[in-house]
Amino acid sequence: MANLRDIKRRIKSVRNTSQITKAMQMVASAKMRRAQDLAIQGRSYMSALARVLKHLQETITGTAASLMATRDTGKELIIVVSTDRGLCGGLNSNLLREVLTSCPQEADYVTIGTKLNSQLTRCGRKLAATFAIGETVEEPELKPIFDFVRKSYMDGTYKSVRVVYQKFINIMVQRPQITSLLPITTEELLKVAEQNEQEDDGTSNFLLEPSPKALLNSILPLYFGHLLVQMILEGKASEHSARMVAMKAATENAKTLIGELTLEYNKARQTQITNELLEITTAMKAME
Amino acid sequence: MALQFRIITPMRTALQAAVTSIQLPAKAGEMEILPGHADMITAVANGELTYKPEGEEARSLFVGGGFLQVESESVLLVTDTALVASEIDPTAVETAIERARAALRNSATVLDREEQTFLAAQLAKQLAMLEFTRKKHTLA
């Protein structure tokens, strides 16, 4: 019977799919562990750096470092940290919604991760550049991104740079978040410094060595670089968690589907047997 | 009275301990921090950092460049590298030095200045790391 064969074929294909999703789930969970560790460790490094920088800034008032200066002219730059690959649930579409609702139409956009490129262009956002990053987030790979952002900020093309990324909360929850990257402001520093630190006892005067200016000039690029790295790490951790959860759900769905199809298959088989028996008995009756 | 000393790198919290003294290679020169030190922020260079945990022998580790903040009795070191001698593989460091040297020599024209400074900084760090391990080995 054709019906039987159809059902059998479907069961087979669903089973194959479930094996693929199962494998993807396993790969994602292995990667997730590492990405999570990096993201969470990076947070304490960032907040430590921000604390030092905040104190430094309190002590030196009125020094205008170019990375901290606010400007009135120029466009806004939005960096969107999405993923390179899909199959990670609603991660990218949530991110896109956040971008569309809270970022201005006329700003320039840079994407890290290529998945959202076509959607952004379709919504009339101007892409200035796009970068794909591999599995590992490392210095040499990120250098072009830093150079691009820094150069276009320094020459006055952009007045501010903001980053939209998926902040990693836990395996089930990732939240789209917008953080201002440049200029580096005191409020932003405070936010980062207090992210996972407790006490902070007012202002005190720090001795600065070698000189305030030299300190500020070496710490600011470091801070800027690591802030961006941190957000990319958060994005990675979110991506792998979301993919793992999505693939787990897919595998479970496939299992239920296989169960239903098997039931249907058995019913069909039973019907076929009954029909054959009927045919035989009718034939026998006719022969008598 | 002890100092609360923390070393934080991007990869991990390398150290969290109560210490009685810290010797470190600051950019401006070698310096020692004892309890009761004035509040201070300083840039740290590549080199050996020695600290004395409360009631224990002095220990040392290699630190890459970074920043040190002394705030009343808590000391915070933010650095990109913090390794104890056993975590450094001298042969790997030597090959890295060779590679960096070769890269600097061969492509002096192709690299832009920023890349050159980056490589040179990497090289300086590797050299300091090597010196640190050599010293440890001769002591041991």
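**Exercise 1. Determine what percentage of the residues of chain B count as buried, and describe the chain as a whole.**

Solution. In this predicted model, 26% of the 140 residues of chain B count as buried, where the criterion is that 20 or more other C-beta atoms lie within 10 Å of a residue's own. The next step is the secondary structure of chain B, which comes to 2 helices and 9 strands, and the pattern along the sequence is β-β-β-β-β-β-β-β-β-α-α. The C-alpha trace of chain B spans about 55 × 35 × 25 Å along its principal axes. Finally, among the contacts in chain B with a separation of 6 or more, 49% are between residues 24 or more positions apart.

**Exercise 2. State which domains chain B is assigned, and characterise the contact between them.**

Solution. The domain assignment gives domain 1 (3–83) and domain 2 (86–139) of chain B, and the C-alpha centres of these two domains lie 23 Å apart. Turning to the contact, 6 residues of domain 1 of chain B meet 7 residues of domain 2 of chain B. Sorted by class, the side of domain 1 that touches domain 2 has 2 nonpolar, 3 polar and 1 charged residues.

**Exercise 3. Work out the strand order of the open sheet in chain A, and explain which strands stand at its edges.**

Solution. The open sheet has 5 strands in the order β3-β2-β1-β4-β5 of chain A, and its pairing is mixed. Because β3 (126–131) and β5 (174–182) of chain A each have a single partner strand, they stand at the edges, and one side of each is left without a neighbour in the sheet. Neighbouring strands of the sheet are turned by 20° against each other on average, direction ignored.

For one pairing in detail, take strand β2 (residues 108–112) of chain A, which is joined to β3(A) by 5 bridges and runs parallel to it; here A:Tyr109 stands opposite A:Leu127 in β3(A). As for the helix across the sheet, α6(A) lies across β1 (75–81), β2, β4 (158–168) and β5 of chain A, and runs at about 35° to β4(A).

**Exercise 4. Establish why A:Gly113 counts as buried, and where this residue is placed.**

Solution. A:Gly113 belongs to the loop between β2 and α3 (117–122) of chain A. The residue counts as buried because it has 23 C-beta neighbours inside 10 Å, and the cut-off for that class is 20 or more. Leaving aside neighbours within four places in sequence, the contacts of A:Gly113 are A:Val81, A:Ser82, A:Thr83, A:Asp84, A:Ala132 and A:Ile133. For A:Ser82, which is 31 residues away along the chain, the C-alpha separation from A:Gly113 is 5.0 Å.

**Exercise 5. Identify the buried residues of helix α5 (residues 186–193) of chain A, and find how they are arranged around the axis.**

Solution. In α5(A), A:Leu189, A:Val192 and A:Ala193 are buried. These residues cover an arc of only 95° around the axis, and therefore they lie on the same side of α5(A).

**Exercise 6. Describe how chain A and chain B meet, beginning with how many residues each gives.**

Solution. Chain A gives 20 residues to the contact and chain B gives 19 residues. On the side of chain A, the elements that give two or more residues are α1 (2–59), β6 (207–209) and α6 (212–287), and the largest share, 9 residues, comes from α1(A). By class, this side of chain A divides into 11 nonpolar, 8 polar and 1 charged residues.

The last step concerns the strands: β6(A) is joined by 3 bridges to strand β4 (residues 40–44) of chain B, and the two run parallel. Within this pairing, A:Leu208 has B:Ile41 as its bridge partner in β4(B).

Key
Residues numbered from 1 in each chain as written. Chains lettered and ligands numbered in written order. Predicted model: local features only at pLDDT ≥ 70, side-chain atom pairs only at ≥ 80, totals over all residues. Contact = placed C-beta atoms within 7 Å. Helix = DSSP H or I, 4+ residues; strand = E, 2+ residues; numbered from the N terminus. Nonpolar A, V, L, I, M, F, W, Y, C, P; charged D, E, K, R; others polar. Pairing = 2+ DSSP bridges. Buried ≥ 20, exposed ≤ 12 C-beta atoms within 10 Å, placed from the backbone. Arc of directions from axis to C-beta. Axes fitted to C-alpha atoms, helices over the stretch in contact; angles between N-to-C directions. Domains from an automatic or database assignment.
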